Amino acid sequence: TYIHTTGHLIPEMLPFLSLELGRTVEDAPDVWTFLRTSYMSASTYRNKDKANRFISESEKKDGIPVKNFERWLYQRDAKGYETRPVMRIQQAIKMWMVQKDKYVDYIARAGKRIGFDIDDRWHGQNGQLALKVTFLDAKSGSLQLAYNRGERTKTQELLGDGQLKTTTFLISDLKSNTMEHDFDFVIQSDGGATEIIISMVRVVANN
């Protein structure tokens, strides 16, 4: 994703990488998660598995889903917060570790409510935050950010124009683990939109 076939870094990525490389959870300026899915073959997983994880028949047939690239911001499905992979793109080559005939990536997840948890060790969550949400504007209605037991909300109107967009919510009073399932915040559909489609969420410390 970040490197051209020539091996040169995409110039637009350099400022981002300069903030990320060498950082730990204690001094990182941001946390983020990319809500993506691909499918690893069961045989590849088994060859590298030291814990002897049970592999179901459906996983042997359809592959084991590999979800999300995460850096101290975690998205987890839970009761009432189920998601599904969407926005399918074809992989450039057929890689040996990928499930046969599933040489695709899904670059977003869809759901009515999607829950997120910031790693409690991250220093930034007690200060001013810029919460950046990249979403597919698929249906009219609105996308809503809920936090602090759901008592605080912010809203982004949706146009339904089919464009991939990023919106930024500025918050300064986030309280940790106050939502259901100990989520820190929830992004949910509101108005006419029956579900929302989220590709990436990034939380940046403004201070």
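Here are some notes on this predicted model, going from the whole chain down to single residues.

1. Overall make-up. The chain is built from 3 helices and 12 strands. Laid along its principal axes, the C-alpha box comes out at roughly 45 × 40 × 35 Å. The radius of gyration is 18 Å, and a compact globule of 207 residues would sit near 17 Å, so the two agree.

2. Packing and surface. Of the 207 residues, 45% are buried. Take the contacts with a separation of 6 or more: 74% of them come from residues 24 or more positions apart. On the outside, the chain exposes about 11,700 Å², with carbon and sulfur atoms supplying 51% of that area.

3. Charges. I get 29 positive and 27 negative side chains. The centres of these two sets are 5 Å apart.

4. Aromatic pairs, starting with the tyrosines. There are 4 aromatic pairs in the structure. One of them is Tyr39 with Tyr106: the ring centres are 6.5 Å apart and the planes meet at 85°, so this counts as edge-to-face. In sequence the partners are 67 residues apart, with Tyr39 in strand S1 (residues 30–40) and Tyr106 in strand S5 (residues 104–111), so the pair links distant parts of the chain. Are these two tyrosines buried or exposed? Tyr39 has a relative accessible area of 14%, which makes it buried because the cut-off is under 20%. Tyr106 also counts as buried, at 17% relative accessibility.

5. The phenylalanine pair. Phe116 and Phe185 form another aromatic pair, this one stacked, with 5.3 Å from centre to centre and 15° between the planes. Phe116 belongs to strand S6 (residues 113–118) and Phe185 to strand S11 (residues 185–190), so the pair ties together parts 69 residues apart in sequence. Both Phe116 and Phe185 are buried.

6. Two backbone angles to look at. Most residues other than glycine have a negative phi. Asp101 has a positive one, near 70°. Where does Asp101 lie? Asp101 is in the loop between strand S4 (84–90) and S5. Its relative accessibility is 63%, so Asp101 counts as exposed. Asp182 is not a glycine either, and its phi is also positive, at about 65°. Asp182 sits in the loop between strand S10 (163–171) and S11. With 49% relative accessibility, Asp182 is classed as partly exposed, because exposed would need over 50%.

7. A buried valine and its surroundings. Val133 is in strand S7 (residues 129–137). Its relative accessible area is 0%, so Val133 is buried. Which residues does Val133 touch, leaving aside those up to four places away in sequence? The list is Leu143, Lys165, Thr166, Thr167, Phe169, Ile187, Ile198, Met200 and Val201. Strand S10 spans residues 163–171, and strand S11 spans residues 185–190, if you want to place some of those partners in the viewer. For another long-range pairing, look at Val133 and Val203: they are 70 residues apart in sequence, yet their C-alpha atoms are 8.7 Å apart in space.

Conventions:
Residues are numbered from 1 along each chain as its sequence is written. This is a predicted model: local features need pLDDT of at least 70, side-chain atom pairs count only at pLDDT 80 or more; totals for chains, interfaces and linings use all residues. Side-chain values use heavy atoms; hydrogens and water are left out. Helices (H or I, at least four residues) and strands (E, at least two) are DSSP runs, numbered from the N terminus. The radius of gyration is taken over C-alpha atoms; the globule rule is 2.2 Å times the number of residues to the power 0.38. Buried means under 20% relative accessible area, exposed over 50%, partly exposed in between (1.4 Å probe, protein chains only). Contact means heavy atoms within 4.5 Å. Accessible areas come from the Shrake-Rupley method with a 1.4 Å probe; for residues, only the protein chains shown count as cover. Lys and Arg count as positive and Asp and Glu as negative; His and the chain ends are not counted. The place of a charge is taken as NZ of Lys, CZ of Arg, CG of Asp or CD of Glu. Rings of Phe, Tyr and Trp (its six-membered ring) pair if their centres lie within 6.5 Å; planes under 30 degrees apart count as stacked, over 60 as edge-to-face and the rest as tilted.
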